[in-house]
Amino acid sequence: MKFELKSKFKPTGDQPRAIKQLAEGLQNGIKDQVLLGVTGSGKTFTLANVIQKVQKPTLVICPNKTLAAQLYQEFKEFFPNNAVHYFVSYYDYYQPEAYIPHSDTYIEKDAKINEEIDRLRHAAVQDVTGRRDVIVVASVSCIYNIGSPENYGSTSLEIKLGQKISRKDFLLLLNSLQYQRNDIDFKPATFRVRGDIVEIFVVTGEEIIRIEFENDTIAKISEAKPGLNANYKLQTTNYKLFPATFWVAPQDKLKIAIGNIKEELEEQLIKLKKLGKNLEAERLEQRTNYDLEMLTETGRCQGIENYSSHMEFRAPGSPPFSLVDYFNYFNPQGSLMFIDESHISVSQIRAMSVQDKIRKQTLIDFGFRLPSAIDNRPLNFKEFEERQKQTIYVSATPALFEKQKAGKNIAEQIIRPTGLLEPSIEIKKTENQIKDLIEEVKKQIDKKHRTLVVTLTKKLAEEISDYLTERGIKTQYLHSEIKTMERPEILKKLREGKFDVLVGINLLREGIDLPEVSLVAILDADKEGFLRNETTLIQTMGRAARHINGRVILYADKETFSMKNAIAEINRRRRIQIAYNKKNKINPTTIISDIRDWGFSKKEDVAEEFWVVNDKKLLEKEMKIAAKNLDFERAAELRDLIEKQKSKE
């Protein structure tokens with residue numbers, strides 16, 4: 001399929017020139033370009049038009065999950081008939097494995113995986129492997145290792161009507177793809193068996209595949225959408241089943257990988273013992289042998305990613321495989337990369353591999369991991385640059401690095417089609433700033449406008465939120481400890497008026513689309529540093545630029561160098577917009593933007609309820625067999641399952 005842009009809007013203002021310049025640059029083979037677009041100028045719409053013109057698979061990299069979610073929703077609306085996906089870190093909570101030598105403290109990896117995000121990640125990668133009309137909106141975590149694209153593609157299972165294969169061999173293949181049998185708690189990445197019927201809940205959670213066997217032959221293939229009464233429809237085409245995990249290797253390669261892990265273990269034990277590290281050697285031997293037993297028996301183990309270089313047959317020190325590699329591997333004819341809010345995303349990508357290496361090396365030195373564990377890591381910046389194809393850096397404040405990469409290939413988008421000006425700016429003293437803030441917020445509430453309050457710390461954000469709430473102001477805080485799936489809902493509730501004030505730190509900067517916000521209050525604006533430098537101030541003030549009455553209050557006792565430069569740039573942009581409005585006789589209007597639902601389907605609790613009514617007969621039959629075999633525990637489970645089905649009819 002081709003990209004088909006759907007929108008009631010047409011390019012206007014600076015957009016036609018920017019679209020033409022960027023698209024022609026891509027078509028002429030230019031590798032690096034910059035889109036310098038101010039807040040509210042329609043940068044996402046411009047990028048959508050560029051995708052429509054060049055028709056290439058596109059990876060969009062964002063600095064955080066919240067902005068990625070917003071862009072995902074926008075691209076879904078622009079391309080409703082194409083494959084638009086969301087790919088971010090699937091941890092709601094993550095404590096990496098670590099060792100602190102001076103206190104002899106080992107911290108075991110502790111993480112809570114968000115299963116919904118995991119399904120979305122798999123859906124994204126699966127479409128990257130087989131479609132050209134694909135857009136993946138990702139956070140910077142997309143440069144972390146996710147396993148070999150070659151292994152992922154080669155281990156997928158082709159299921160064909162009439163295929164000669166026994167049910168037993170078919171189940172072994174499912175196990176090799178890391179699908180787990182679970183006849184009771186039926187959920188994504190599991191399968192269940194009833195006689196000659198095998199049902200597979202695909203890892204993306206989007207459908208259930210039913211395979212029916214007759215005489216060691218696949219007689220029927222049907223599928224259904226998850227639901228209480230799944231309606232199976234006959235499939236006449238082949239079905240391609242992808243692995244349930246990215247960390248998978250063909251069985252023949254897995255045996256070789258296990259052998260290589262054993263060799264590395266022996267070599268490392270010799271080194272540790274020569275250094276007199278007998279305790280470390282004993283620890284490493286016990287831990288690694290346990291993992292090897294699990295790999296041999298099940299094909300998996302806890303922390304399997306630490307053996308990724310062996311699973312993928314990568315040489316020591318070689319770069320890992322990331323989502324960027326999947327785009328390149330499955331799209332040899334070329335793809336695009338947009339780096340949104342590049343002034344911050346690029347610096348994040350540059351720094352990610354450094355801390356990871358320090359932590360892993362300590363684990364290796366003290367016998368918690370093999371040396372090869374260090375190769376499970378994010379790409380370093382040089383490796384990332386080597387994998388970049390054609391890239392457009394997108395920012396209202398591009399850094400010197402992006403400008404130098406692009407040279408003359410910088411498209412400016414200063415004009416807002418709505419005629420909106422940059423917000424007015426007022427500087428107030430910090431004395432009694434909270435009292436003054438409350439007065440300003442109450443004025444906003446009277447006008448049914450929203451307010452953003454920007455602080456320097458998480459603790460202060462929470463304290464101010466509580467303080468305003470105690471005084472009858474509907475307030476919510478937002479920072480990095482708020483779960484991924486909750487952040488867009490919080491922004492949605494602010495827009496709907498469920499609360500009037502949102503207090504945050506740096507999540508309220510780049511790209512957040514909140515047209516109802518007419519006031520941004522920046523506390524301690526004169527505290528020069530990362531959170532109050534010129535770029536950050538411009539980005540934060542831009543959150544008030546989508547409202548006709550947009551204004552900014554800087555609480556500060558002095559005007560810093562960063563404040564002066566930021567204010568000067570805002571005023572420059574105001575002058576350009578005023579001249580455009582006067583020339584084209586435009587009266588500024590507040591941006592009207594639909595309040596979107598959280599863009600992902602609400603998955604129900606995917607369990608045994610997905611059996612259709614007719615399947616009760618199979619359950620009853622198996623219950624009787626279990627009772628006959630004196631397996632009363634199993635019979636009781638099936639009895640409860642049947643009763644649960646009856647109660648929902």
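Colleague: How many helices and strands make up the secondary structure of the protein chain?
Modeller: The model is a predicted one. In the protein chain, which has 649 residues, the secondary structure comprises 20 helices and 25 strands.

Colleague: What share of the residues of the protein chain counts as buried, and what share of the accessible surface belongs to carbon and sulfur atoms?
Modeller: The accessible surface of the chain comes to about 29,200 Å². Of the 649 residues, 57% count as buried. Carbon and sulfur atoms account for a share of the accessible surface equal to 50%.

Colleague: Among contacts between residues at least 6 apart in sequence, what percentage joins residues at least 24 apart?
Modeller: The contacts in question are those in the protein chain between residues at least 6 apart in sequence. Of these, the share joining residues at least 24 apart is 76%.

Colleague: Which helix contributes the largest share of the largest nonpolar core?
Modeller: The largest nonpolar core has 37 residues, and Leu35, Val60, Phe75, Phe79, Ile135, Val137 and Ile392 touch the most other members. The largest share of this core is seven residues, and these come from helix α3 (residues 65-78).

Colleague: Which residues does leucine 35 touch, leaving aside those up to four places away in sequence?
Modeller: Leucine 35 is among the residues of the largest nonpolar core that touch the most other members. With residues up to four places away in sequence set aside, leucine 35 touches Ala18, Leu22, Lys43, Thr46, Leu47, Ile392, Tyr393, Val394, Ser395, Ala411 and Gln413.

Colleague: Which residues of helix α10 are buried?
Modeller: Helix α10 spans residues 323-330 and is mostly covered, with six of its eight residues buried. Val324 and Phe330 are also included in a second, separate core of 36 residues, along with Leu36 and Met352. The buried residues of α10 are Leu323, Val324, Asp325, Tyr326, Phe327 and Phe330.

Colleague: Are the two faces of strand β21 covered or open, and which residues lie on each?
Modeller: Strand β21 (residues 450-454) is mostly covered, with five of its five residues buried. Both faces are covered: Thr451 and Val453 are buried on one side, and on the other the buried residues are Arg450, Leu452 and Val454.

Colleague: Which residues are the bridge partners of arginine 450 in β24 and of valine 454 in β23?
Modeller: Strand β21 pairs in the parallel sense with strand β24 (residues 517-522) over five bridges. Four bridges join β21 to strand β23 (residues 501-504), and these two strands also run parallel. The partner of arginine 450 in β24 is valine 517, and that of valine 454 in β23 is glycine 504.

Colleague: How many salt bridges does the structure hold, and which residues are linked in a network?
Modeller: The structure holds 34 salt bridges. The residues linked in a network of salt bridges are Glu97, Arg287, Asp291 and Arg369.

Colleague: What separates arginine 359 and aspartate 356 in helix α11?
Modeller: Arginine 359 and aspartate 356 form a salt bridge, with their closest N and O atoms 3.2 Å apart. Both residues are buried. Because they lie three residues apart in helix α11 (residues 342-365), their separation is about one helical turn.

Colleague: How far apart are the closest N and O atoms of arginine 192 and glutamate 199?
Modeller: Arginine 192 and glutamate 199 are both buried. Their side chains form a salt bridge, and the closest N and O atoms lie at a distance of 3.1 Å.

Colleague: Why does arginine 387 count as buried?
Modeller: The side chain of arginine 387 meets that of glutamate 386 in a salt bridge (4.0 Å, N to O). Buried means under 20% relative accessible area. Arginine 387 therefore counts as buried, its relative accessibility being 14%.

Colleague: With which side chain does that of lysine 428 make a polar contact?
Modeller: Lysine 428 is found in strand β20 (residues 424-428) and counts as buried at 15% relative accessibility. Leaving out residues up to four places away in sequence, lysine 428 touches Asp436, Glu440, Ile553, Leu554, Tyr555 and Ala556. The polar contact, at 2.7 Å, is with the side chain of glutamate 440.

Colleague: Which residue caps the N-terminal end of helix α17?
Modeller: Helix α17 (residues 534-541) is mostly covered, its buried residues being Thr536, Leu537, Ile538, Gln539, Thr540 and Met541. At the N-terminal end, a side-chain oxygen of the capping residue lies 3.3 Å from the backbone nitrogen of threonine 535. The capping residue is asparagine 533.

Conventions
Residues numbered from 1 in each chain as written. Predicted model: local features only at pLDDT ≥ 70, side-chain atom pairs only at ≥ 80, totals over all residues. Heavy atoms only, no water. Buried < 20%, exposed > 50% of the residue type's maximum accessible area, 1.4 Å probe, protein only. Contact = heavy atoms within 4.5 Å. Areas by Shrake-Rupley, 256 points an atom, 1.4 Å probe, with all protein chains shown as cover. Pairing = 2+ DSSP bridges. Core = buried A, V, L, I, M, F, W, Y, C linked by side-chain atoms within 4.5 Å. Polar contact = N/O pair within 3.5 Å; in protein donor to acceptor, adjacent residues only side chain to side chain.
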